[in-house]
Amino acid sequence: MSLSIRIIPCLDVTEGRVVKGVNFTNLVDAGDPVEMAALYGIEGADELTFLDISASSAGRETTLDVVRRTAEQVFIPLTVGGGIRSVDDVDRLLRAGADKISINTSAIARPQLIAEIADRFGSQVLVLSVDARRARTASGFEVTTHGGREGTDIDALAWVEKACVLGVGEILLNSMDADGTRAGYDISMITAVRAVSNVPLIASGGAGALEDFAAALDAGADALLAASVFHFGIHRIGDVKSYLAKNNYPVRTTTMK
Amino acid sequence: MIAILDYGSGNLRSAERAFATSGHDVVVTSDANIAFEADGLVVPGVGAFAACMKGLQAVNGEEIIRKRISSERAVLGICIGMQILFSLGEEHSQDVPHKGVGIWDATVSKINAPILPHMGWNSVETASDSVLFKGIDSQSFYFVHSYAAKKSVGLRQAWTTHGERFLSAVEDDYVSATQFHPEKSGAAGLALIKNWSNSL
């Protein structure tokens, strides 16, 4: 017996509602986040992720409420990301009931934030979200911000290595090229990031066919995040888990009601 | 009544709700009297070993735990709340380990595994007469930690493997502990909580 791979549905949340668009545009309303979280919990999600894409502070307050209501009825780990800029922001989310938080743009702007959060709450609460795309940096992968719309010229592998030293507990690697395409995870990007990091790695962006999930695990991912394939019912979480179990990947089966 | 000891460890909301599913009244408290008088005391914990010990001392937690155990009142430690029950913790301080509460004589040391933290759902090898795992011994539970105790202590033990084998739960008369988070382990975790609270 060993540690199971994790299947993590991601819910993009704005103003208290779930949305998910192809390549982060053309948003489609896909439901109430608390209800969806509870449903995914029953369906066998190993963790849940909320990404707060609200533009306003009122929207962020709504998210805190969504986190509170979710944590009160869904007893699996919950990660929340989006708009986190300070140790105080982290504190608020953890107190609302988040188990982990993910940071992205704010850590790029001020890497020391990683160490500050890790010192105060421990590395285990801190997920570094890396939105990366193919570009002419040293490794061929560049870190982007603003949902992939803006480049930074920062090399993705160098950034991951630096963040690990500063104290992140986990990496969420999101391929901006693959995101929303359902054409498969960016396998060579996963392989490259795995090679320079020794914290758990969550692959994100591009999940489509069942084989895609297995390919990302083979490349070194510990967990698999997906959004639209689950939200639009292309695969149920149970289908992905059965497929992986059949192919001898360690999955958590939820035989209990 | 079940008391969850609040000593500055952040997210207690889901723990409170999870323990309430057992049908018991649950209170989150840092009041020493309430924590002592409750039928069961839960010692949660996130963060580093030394920071947790410091927080514990600020609410007289060490004394509450000792007093409860000597007066045969149940205590359940979770994650770092389990680790601080041991005598020594090496987190961030390998040369001079931090002192724990010392209910069990063992050192909490870094897990020897290529990927840390040990994060996610893992299985447990349980004792056949376990109270905590009754009916759920084949289930997985949610872990998030990089350190663990590796020596057998207490009356009954559960073991988990990630890189190496470590103690994932201990049952020892009135004091029990889990290295995983039952309050985050879905239906299996809620069943474990029910098993513990039924024993109060």
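# Exercises on a predicted two-chain model

Chain B holds an open sheet of seven strands, ordered β2-β1-β3-β4-β13-β12-β11, with mixed pairing. This is a predicted model, in which local features need pLDDT of at least 70 and side-chain atom pairs count only at pLDDT 80 or more, while totals for chains, interfaces and linings use all residues. Residues are numbered from 1 along each chain as its sequence is written, and chains are lettered from A and ligands numbered from 1 in the order in which they are written. Helices (H or I, at least four residues) and strands (E, at least two) are DSSP runs, numbered from the N terminus.

## Exercise 1

Describe the edges, twist and helix packing of the chain B sheet.

Step 1. Two strands pair if DSSP finds at least two bridges between them. The edge strands, each pairing on one side only, are β2 (26–29) and β11 of chain B.

Step 2. From one strand to the next, the twist averages 25°.

Step 3. At one edge, β11(B) pairs with β12(B) in the antiparallel sense over seven bridges. Within this pair, B:E164 in β12(B) is the bridge partner of B:H162.

Step 4. Helix α4 (residues 61–70) of chain B packs on the sheet and touches β1 (2–5), β3 (40–43), β4 (74–78) and β13 of chain B. The direction of α4 makes about 135° with that of β4(B); angles run from 0 to 180 degrees between N-to-C directions, and axes are lines fitted to C-alpha atoms, for helices over the stretch in contact.

## Exercise 2

Determine why B:D173 counts as exposed.

Step 1. Locate B:D173: the residue is found in the loop between β12 (164–172) and β13 (175–178) of chain B.

Step 2. Apply the burial rule: a residue is buried if 20 or more other C-beta atoms, placed from the backbone, lie within 10 Å of its own, exposed if 12 or fewer, and partly exposed in between. B:D173 has 10 C-beta neighbours inside 10 Å and therefore counts as exposed.

Step 3. Compare sequence and space: B:D173 and B:L155 are 18 residues apart in sequence, and their C-alpha atoms are 7.3 Å apart.

## Exercise 3

Characterise the surroundings of β10 (residues 170–175) of chain A.

Step 1. Six of the six residues of this strand are buried. A:E170, A:L172 and A:N174 point one way, and A:I171, A:L173 and A:S175 the other way.

Step 2. Strand β7 (residues 126–134) of chain A pairs with β10(A) in the parallel sense over six bridges, and A:D131 stands opposite A:N174.

Step 3. Strand β11 (residues 201–204) of chain A also runs parallel to β10(A), joined by four bridges. Here A:L172 stands opposite A:I202.

Step 4. Together with helix α7 (residues 187–195) of chain A, β10(A) and β11(A) make a right-handed β-α-β unit (with the strands pointing away from the viewer, the path from the first strand over the helix to the second runs clockwise).

## Exercise 4

Analyse the packing of helices α2 (residues 57–73) and α3 (residues 87–96) of chain A.

Step 1. Two packed helices are described by the angle between their axes and the distance between the axes. The axes of α2(A) and α3(A) come within 8 Å and cross at roughly 35°.

Step 2. Two residues are in contact if their C-beta atoms, placed from the backbone, lie within 7 Å. A:L64, A:V67, A:R68 and A:A71 in α2(A) meet A:R92, A:L93 and A:A96 in α3(A).
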